[in-house]
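The following exercises concern one molecular structure. Please study the sequence and the model before reading the solutions.

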Amino acid sequence: MVVHSQSSSALGAGGASHPQVHPSAYVHSFANVMGDVHVGENALIAPGCTIQADQGSPFYIGDNVNIQDGAVIHAIEPGRVRGKDGQNYAVWIGHNSCVTHMALVHGPAFIGDHCFIGFRSTIFNAKVGDGCVIMMHALIQGVEIPPGKYVPSGAVITKQEQANLLPDVLDSDRKFTQQIIHVNEALKADVSGASAQASIRPVRSNIGHSQSHRFTTDTKPMNHTTLDAAIVSQVRSLLAQGYRIGSEHADKRRFQTSSWQSCPPITGNNESQVLAGIESCLQEHQGEYVRLIGIDTQAKQRVLETIIQRPDGPVKSASISSVTKTIKNYTTSHITTSGNLDAETIAHVRSLLGQGYRIGTEHADARRFQTSSWQSCSPIASQQESQVIAALEACIAEHQGEYVRMLGIDTQAKRRVFEAIIQRPGDQPKAAPKAARPASSNSSYSSSSSYASASAGSSTGLGAEAIAQVRSLLAQGYRVGSEYADKRRFQTSSWQSCTPIHSQQESQVIAALESCLAEHPGDYVRLIGIDPKAKRRVLEAIIQRPNSNGKASASSAPAPRPSSSSSSSSSYAKVESNGSSYQPAGGLDGAVINQIRSLLAQGYQIGTEYADKRRFQTSSWQSCTPVKSQQESQVIAGVEACLAEHPNDYVRLIGIDKRAKRRVSETIIQRPGGSGSNPKPAAAPSSRSYQAPSAPSTRGRGFTPRSHGGLDADTVAQVRSLLAQGYRIGTEHADKRRFQTSSWQSCPPIQAQQESQVIAALETCLADHQKEYVRLIGIDTKAKRRVLESVIQKPLAAL
């Protein structure tokens, strides 16, 4: 049985400071109040409450405050909040306020008079002004809520910009909060001898019959409205941003011609009046289309158009995301401006302001742009869209002929969240755009398809494949750059950089690439993909070559897409617009040069080794003169010198990871029987790992089987790939009878991980079992399983 007492439980654990509870206050015996706590007149502290001021103190709980079941009030630091009496407190809760079930108030915190803190909401390091209503499961942290504001259920308010845009509290909100408070006050009536059931029953009855509040659930609107909750939420959002609300209607015939007619104007900004006006329009035009309109009165333009009723009835279950999507589509496709900003820029401004970010601008002339030395325009202190747009246009007007970029700034994190160039030196002042065509909602660059279609007919346009490569690079978070070279520099691979591309916006990147093509019409131009974190290149693709007349022509046929390995973060590809490697003046094959570039781009060192036929059989390679340079031209010269010194020997190219002190690549680039002036590599060079050429990798894949000792290039590539991935190599053999029953026998185990030793062991197994089947095995020692089984030799009769 619960024992009720006036203040017997107010005394908590022993300490220097004790609670000071007014005689008229009620503290339940199951409540826990500790430390320096002041409890005012007629305050109510219900069962299960914990008010702990033994670490951070003091606490002030005003007159007629209602602290309901399970609420927690705590602080760990001394008073940092200035109360209304001029003293410092860790927690201040003003008069006539209510902290409901399971709510948490953690100091430093200030809650003003006549406030309502909903179920399971949290107040931490924040100030809540007088008369605020905070609904269920809300989080208020690090902000100051202005007086008389309403915080909806589930809201997370951690930025002051969010707090400033909150809607006002309505009379219906007050009525609902009083109903909640009266239920808990039945406990106090029980102490005075009144019947608790008699007190509680009529209150619950009132709640059951009440439909005038907006808080019973977050899916039902308030004020007897028949509007969907998402539409009510959209109305609140528009009103909070200072926009006006309107409505229009159209029958089926007018709807097809988009001839909308206006409903009676809604002049007020009060939410209940606006909702009533919308409902009146819906009732007057049942069986017709009705749409909601958001109007920016300062900019004299619409910011929202969304249909809320169709002839078959109201639009139900319209989600907030769909309404937001409608806003985004509308702002990017229906905006008409009278200044120098296009619709896309204005949409960015709205998006940034809506997220609470500040807007800034910077400018740079052509010289400063190349060194990325931007200068700031006049600061934009306002958060009003019209004023921000006016400031942007002023910056553009002041710096005609220069680059101008817009910035989005997160003031709390003190970092930039957005950078976009909105003017270039060659741009002409923009007139008001004509009826814009609606942009696709799922395309970030609606006109990109025009690049693909116009590239063939434009001397400076990009091919569809180049645009696809740009999109792929940007989608993976890589930066895009461009380089150019005339014919002489192209032969020595001495490329020069075009103007840096700082933007990550697809349209701006494509424009910069086309600008580079236009500036260098008689040169080679290549596209570069850059991984800024790893500080390396992930793609090089030539997108323009000089034609026979010396004039540039962007490749009408799109450049081939890089190999599949180029899309991963650990690979690198070099692609040219005609799909073939160019042949330099030296003695190296284009594939070898590509491999050298790939290794250098990944920071590896290049080396070379040679061996005559006898040493080659025993894998006793000797080193050529070390190549210490990282310059491509010098490395190629060093490799060619080794080839020239050993024209009748085997020569192999080595990639060395100096940090890990291991080899990452070994490729034979010259054999005694081949041409010494133009050797062919034993296997197609790969990127960082030893990856086999693109061929079927299933069991028993289509290698040309061997009937005698010696491995083919495909098998060697397969061995390299397995070793590079850390797998062990093994071999098995079987005669025809055992082969039919799949009873393989093991060759001597291969303990080494050195490629040359593994290959020697494989050739030994082939030589020992020339008239049998021999298969290569890849073994994952950690998982204790096989990852590859491939027959590399068959008996002569089986061929």
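Three exercises follow, each with a worked solution.

The model is predicted, so local features require pLDDT of at least 70 and side-chain atom pairs count only at pLDDT 80 or more, whereas totals for chains, interfaces and linings use all residues. Residues are numbered from 1 along each chain as its sequence is written, and side-chain values use heavy atoms, leaving out hydrogens and water.

**Exercise 1.** Describe how helix α13 packs against helix α15.

*Solution.* Step 1: locate the helices. Helix α13 spans residues 464-475 and helix α15 spans residues 506-519; helices (H or I, at least four residues) and strands (E, at least two) are DSSP runs, numbered from the N terminus.

Step 2: take the geometry. The axes, which are lines fitted to C-alpha atoms over the stretch in contact, are 11 Å apart and form an angle of about 130°, on a scale that runs from 0 to 180 degrees between N-to-C directions. That makes α13 oblique to α15; angles under 35 degrees count as roughly parallel, over 145 as roughly antiparallel, 65 to 115 as roughly perpendicular and the rest as oblique.

Step 3: identify the residues in contact (heavy atoms within 4.5 Å). Ile467, Val470, Arg471 and Leu474 of α13 meet Glu506, Val509, Ile510 and Leu513 of α15.

**Exercise 2.** Establish the strand order of the open sheet formed by four strands, and state which strands stand at its edges.

*Solution.* Step 1: read the order. The sheet runs β28-β27-β29-β30 with antiparallel pairing, where two strands pair if DSSP finds at least two bridges between them.

Step 2: find the edges. β28 (375-376) and β30 (415-423) each have a single partner strand, so one side of each is left without a neighbour in the sheet.

Step 3: examine one pair. Strand β29 (residues 403-410) is joined to β30 by seven bridges, and valine 404 stands opposite glutamine 423 in β30.

Step 4: add the helix. Helix α11 (residues 385-398) lies across β27 (358-364), β29 and β30, at about 5° to β27.

**Exercise 3.** Compare the backbone and accessibility of histidine 114 and lysine 784.

*Solution.* Step 1: recall the background. Most residues other than glycine have a negative phi.

Step 2: read the angles. Histidine 114 has a positive phi of about 60°, and phi of lysine 784 is near 55°.

Step 3: classify accessibility (buried under 20% relative accessible area, exposed over 50%, partly exposed in between; 1.4 Å probe, protein chains only). Histidine 114, at 45%, is partly exposed, whereas lysine 784, at 75%, is exposed.
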